[in-house]
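Trainee: I would like a close look at a single part of this model, and then at how the rest is arranged around it. Please keep the answer connected.

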Amino acid sequence: MPPHCVESTSTRQTHAGKRNQKYGVPHEGSCKVICYMEPNCVSINVRPATQGGNFICELNNATGGNKRSALQSKEGHIYVASENLCSSSSCYNNGTCQAGYTDKGFRCKCPSGFTGAYCNKTCSLDFEDGIGGWGMTGTAFIYQPTFGDNPAARNRESAQQQGDWWVGGAEKRPSESDPAGRHHPADADPPQGTLISPCFRIVGKNISFLIGGGCTISDIRAELIVDNQVVRIETGNCKETMYRKSWDVKEFIGQYAQVRLVDERNCCWGHINFDDLRGDIICPHY
Ligand SMILES: [Ca+2]
Ligand SMILES: [Ca+2]
């Protein structure tokens with residue numbers, strides 16, 4: 001796992017500052033996840049609910065900043081934030097700096113296609129902004145992502161990709177100006193390799209994606225990896241057409257995960273097509 005697949009530590013104080021939305025949650029971690037998903041949330045308060053052993057999660061749209069007077073101690077309350085360091089930081093790619101509770105004391109709100117502490121990394125899950133932070137081994141994916149419905153251009157079945165860009169292990173059309181319909185120069189099936197996504201965080205019960213190509217799950221598959229374990233697998237339909245498949249990931253809520261595409265087959269439907277990973281996942285503000 002890359003190092004950013006671990007959660008950062010936070011400082012804890014009680015806080016009586018500005019607040020807005022409230023949620024009932026089973027534990028502090030759930031509140032953090034909700035805050036990650038809410039663009040205007042820069043800190044949280046967590047306090048015990050009066051009944052049921054749950055907690056009240058309050059999302060704050062402002063931190064206590066450097067004003068210590070805004071912070072108060074109260075038994076059983078937790079405040080997670082940090083001082084405002086935006087003035088000494090900068091966000092790339094037109095990201096917006098917000099005071100927040102990451103270990104760096106701020107976070108950059110990134111425009112589409114960018115992520116990371118400084119908006120200088122990409123977490124592309126539909127490939128419309130390129131291959132992003134996906135990591136590669138072998139030769140099966142060296143021309144990815146591919147543009148347009150390349151199988152249809154060869155008079156094969158349609159890929160049915162989302163948008164213009166997708167991962168087609170047999171395809172070679174890495175730019176719009178390349179001729180349509182060309183195969184990987186080593187042919188469609190012989191190349192092998194893996195393609196692994198950036199880390200993302202599971203925040204709900206469903207992940208889905210488009211998958212096509214080979215249908216021998218022992219050799220051609222998409223894997224969900226949580227805590228260094230392969231916990232879900234799926235394969236294609238022995239058609240170039242991609243169909244939407246989904247995984248129930250309720251048991252992994254709050255954890256970091258990756259998807260890895262595996263091509264270990266050198267013949268006969270030995271390639272994988274993949275696109276549009278989506279659902280209850282977010283790219284982390286690491
Ligand atoms: Ca796409
Ligand atoms: Ca192959």
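In which loop, between which two strands, is the place of Pro145?

Mentor: The model is a predicted one, and everything below is computed from it. Pro145 sits in the loop that runs between strand S7 (135–138) and strand S8 (146–147). The peptide bond joining Gln144 to Pro145 is cis, with omega about 0°.

Strand S7 also bounds another loop, the one from strand S6 (106–109), and Phe127 is found there. Phe127 has a positive phi, near 70°, and is a residue other than glycine. Phe127 counts as buried because it has 24 C-beta neighbours inside 10 Å, where the cut-off for buried is 20 or more.

A positive phi also occurs at Asn228, at about 65°, although Asn228 is not a glycine. Its place is the loop between strand S12 (220–226) and strand S13 (229–234). Asn228 has 8 other C-beta atoms within 10 Å, so it is exposed; the limit for that class is 12 or fewer. Phe127 is thus a buried loop residue, and Asn228 an exposed one.

As for the setting, the protein has 286 residues, of which buried residues make up 41%. It contains 2 helices and 16 strands. Of the contacts between residues at least 6 apart in sequence, 66% join residues at least 24 apart.

Next, the nonpolar interior. In soluble globular proteins, nonpolar side chains tend to be buried together. The largest nonpolar core here has 34 residues, and Val167, Leu261 and Phe274 are those with the most contacts inside it. At least two residues of this core come from each of strand S9 (165–168), strand S11 (200–213), S12, strand S14 (239–248), strand S15 (256–263) and strand S16 (272–282). The most is given by S11, with 6 residues. Leaving aside residues up to four places away in sequence, Leu261 touches Val167, Thr194, Leu195, Ala222, Ile272 and Phe274. A second core, separate from this one, has 11 residues, and Cys31, Cys35, Cys41 and Phe55 are among them.

Strand S15 holds another residue to look at, Tyr256. Tyr256 counts as buried because 21 C-beta neighbours lie inside 10 Å. The C-alpha atoms of Tyr256 and Ile282 are 9.4 Å apart in space, while the two residues are 26 apart in sequence.

Phe55, named above in the second core, leads to strand S3 (residues 55–60). Of the 6 residues in S3, 5 are buried, so the strand is largely enclosed by the rest of the structure. Strand S1 (residues 22–25) runs antiparallel to S3 and is joined to it by 4 bridges. In that pairing, Lys22 is placed opposite Glu58 of S3. Strand S2 (residues 43–48) also pairs with S3 in the antiparallel sense, over 6 bridges, and Val46 stands opposite Cys57 of S3. S2 and S3 form a hairpin with 6 residues between the strands, where Gly52 takes a positive phi near 85°.

To return to the starting point: Pro145 belongs to the loop between S7 and S8, and its bond to Gln144 is cis.

Note on methods
Residues numbered from 1 in each chain as written. Chains lettered and ligands numbered in written order. Predicted model: local features only at pLDDT ≥ 70, side-chain atom pairs only at ≥ 80, totals over all residues. Pairing = 2+ DSSP bridges. Core = buried A, V, L, I, M, F, W, Y, C linked by C-beta atoms within 7 Å. Contact = placed C-beta atoms within 7 Å.
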